[in-house]
Amino acid sequence: MSLRVNDLRVHYRTLKGEVKALDGVSFTMADGEILGLAGESGCGKTTLGKSLIRMDGRMRHAGGTVELDGRNLPVGDDRAMNAFRFHEVSLIPQYSMSAMNPTRRIGKMIGELLRSRGVTLDTAELHHRIDLVGLPREVLSRYPIELSGGMKQRMVMVISTLLDPSLLIADEITSALDVSTQKAVVKAMLGFRDNGFVKSMIFITHDLALTSNLADTVMIMYAGKLAEKAPADKVVKAPRHPYTQLLINSLPEIGVRYDQRKLAGIPGSPPSLLNPPKGCRFRDRCPIAGGECAEEPPVAEIEPDHFVACWKA
Amino acid sequence: MGRPHVRRYFGRKLLIYGLTFVVAVTVNWMIPRFMPGDPVASMLARARVSQPAAVEAMRTYYTNLFGFDQPIWQQYLNFWGALFQGDFGISIWVFPTPVADVILAAVPYTLALMIPSVLLSYWVGNRFGAFAARRKLLDNTVLPVGYILTATPYMWLAVILAWGLGVVAGWFPVAGGYSFSLQPSWSWEFFLDLLHHWILPFLSLFLVALGGWAIGMRNMIIYELESDYSNYLSALGAPSRLIRRYAYRNAILPQITGLALQLGVLVAGALVTEIVFSYPGLGSLILKAIQNQDFFLLQGTFMFIVIGVLVANFLIDIVYVLIDPRTRTGMAGAQA
């Protein structure tokens, strides 16, 4: 097992109290696995991604453990985590377009970053990887503003994976790109995995269609909890959690004309995580909710590798 | 980036500075001439000559000497002509010394005050502000002190320092550029005396400017430390030393613009400070020129200040282009 997350709880400190953005999430990832992490805004997917590499000042590790390649990952200890960052866990951030220092040439910045981490730069390897994502080598002597959005995105992908991390967290990296660039990015990510630059990858997105193409496993989160986790084609073709079913139903299908049948959304909105309601958190929006849903459903493995947190599944 | 862009950019800048210079010279020529009062009359009054014939002869002589008998447009053209020969006219206050000589005698004092106080306050203020940002204890002390300092009028701080450290403590002299008992010479004794007189005016200029720079830098650094590139570097485990260095380099850019904008204010501050300490620089000269209705001296001093501020601004423009790659791309963009 590459990654083992056990009952991870992360809260945000706010003036009104603690927002339980991640409220007891457990899952495992195999070596070489790409996990697609999906859900609507505020479901905790970005919080989970950030918890695994660097919590910001408002976040607090409220419980649970993370194990990476058999070693405990000290997610709550900012100092102790530093040894793992970049070497073992790395991040392609949501804000790749502005992730590089605007006043440094890219090559120089990479050199300074690596030196600060006590690593000597392997120029040949860097060139090789730049070729691999289809960038000209001259980008190293350019400033970030001289690159297009897609080029910056690919450059950040190269930088983040330069030390061959065991786990790569890719946070909404395709959200700001047009579909043809999205395809190039997805291909590059698969290439990175197949070349062994990264062992496993968490791909955070709200684009279910894209995730199912890229990921081996898809994990759906709702209101800070795991809703369903299964192999990608299972999630698309035979989802068991009513939330997943509704999500899949709200995707447009090729060959269907929507002037006859309106595309269905999911009515309502997720509960506040400041004081989350007892029982199943999807209960209020769920079409099949019953009396037992007043009690919180445990995550159950209903068939091999298919986990669902629902009484009705 | 090609050279033609650079040439175009600086060509355009030079044109703007040239226009500013012409306007400044013109305004400068106009102001004393449209001021109330007659300088020749006041010179005659000072001469205390009683015979009317002698007075008339002297009036004709002076009017001729200063060119006041010529039509006003001729005076304007003469002014430009003389300017290019470095001739600022003859001072009325210390007649018949040429204005250029009077100014050159005062300039070293003003520069010796201005340059160290501007550069040191800028450097120390930026360093200190950057250091204080995100360090709670320092931030809570530096910030209020900085606000008080920067809100203090130059002459007020000067008066406080002169009173506290000069009159009450008696550590420093409160007036003049050097002791009246000494003659200017290249001796250690004179140099130390000069330094002794220099400290208080320098300190009041330095302190007021320091607060502004420290506050500005603190705010800029906090902004930069929250920016995406800082977060990315932290996520990759870069030490805060590297992140702070990047943040400092990027935060200094708006501070340089600030320096260009502040120069005029700093010059004005130096002038009033000199007056408080009777320091023999350009500020005291301006006061004397106004009191004695000395057109030529006033014009000459203003001219010198205008040229100084323009040159300093131009230097800052060059520095900015050298350290911010984005302005360079902007130049290339203007071409396309």
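**Reading chain B and its salt bridges**

Q: Where should I start with a buried charge: is Asp317(B) buried or exposed?
A: This is a predicted model. Asp317(B) is buried, with a relative accessible area of 14%, because anything under 20% falls in that class.

Q: Which side chain does Asp317(B) meet in a salt bridge?
A: The partner is Lys13(B), at 3.6 Å from N to O. Asp317(B) sits in helix α12 and Lys13(B) in helix α1 (residues 3-33), so the bridge ties together parts of chain B that are 304 residues apart in sequence. Lys13(B) itself is partly exposed, with a relative accessible area of 23%.

Q: What does Arg218(B) pair with?
A: Arg218(B) forms a salt bridge with Asp139(B), and the closest N and O atoms are 2.5 Å apart. Here helix α8 (residues 188-225) supplies Arg218(B) and helix α6 (residues 136-151) supplies Asp139(B), so parts 79 residues apart in sequence are tied together. Arg218(B) is buried at 15% relative accessible area, and Asp139(B) is buried at 11%.

Q: How many helices and strands frame these pairs in chain B?
A: Chain B has 13 helices and 0 strands. Its C-alpha atoms fill a box of roughly 90 × 60 × 35 Å along the principal axes. Of its 336 residues, 43% count as buried. For contacts with a separation of 6 or more, 73% come from residues 24 or more positions apart.

Q: How do I read the interface, and what area do chain B and chain A bury between them?
A: The size of an interface is often given as the accessible area lost when the parts come together. For chain B and chain A this is about 2200 Å², with 60% of it on carbon and sulfur atoms. On the chain B side, Tyr232(B), Leu236(B) and Tyr246(B) lose the most area to chain A, together 30% of what that side buries. In terms of contacts, 22 residues of chain B touch 28 residues of chain A.

Q: How many salt bridges cross that interface?
A: The rule finds 1 salt bridge there. Arg245(B) bridges to Glu112(A), with the closest N and O atoms 3.1 Å apart.

Q: And over all chains, how many salt bridges does the structure hold?
A: There are 23 over all chains. Among them is the pair Glu172(A) and Lys45(A), at 3.9 Å from N to O. This pair links distant parts of chain A, 127 residues apart. Glu172(A) counts as buried at 7% relative accessibility, and Lys45(A) counts as buried at 5%. Chain A also has a network of salt bridges linking Asp7(A), Arg9(A), Asp23(A) and Arg281(A).

Technical notes: Residues are numbered from 1 along each chain as its sequence is written. Chains are lettered from A and ligands numbered from 1 in the order in which they are written. This is a predicted model: local features need pLDDT of at least 70, side-chain atom pairs count only at pLDDT 80 or more; totals for chains, interfaces and linings use all residues. Side-chain values use heavy atoms; hydrogens and water are left out. Helices (H or I, at least four residues) and strands (E, at least two) are DSSP runs, numbered from the N terminus. Buried means under 20% relative accessible area, exposed over 50%, partly exposed in between (1.4 Å probe, protein chains only). Contact means heavy atoms within 4.5 Å. Buried area is the accessible area (1.4 Å probe) that two parts lose on being put together, summed over both. A salt bridge is a side-chain nitrogen of Lys or Arg within 4 Å of a carboxyl oxygen of Asp or Glu.
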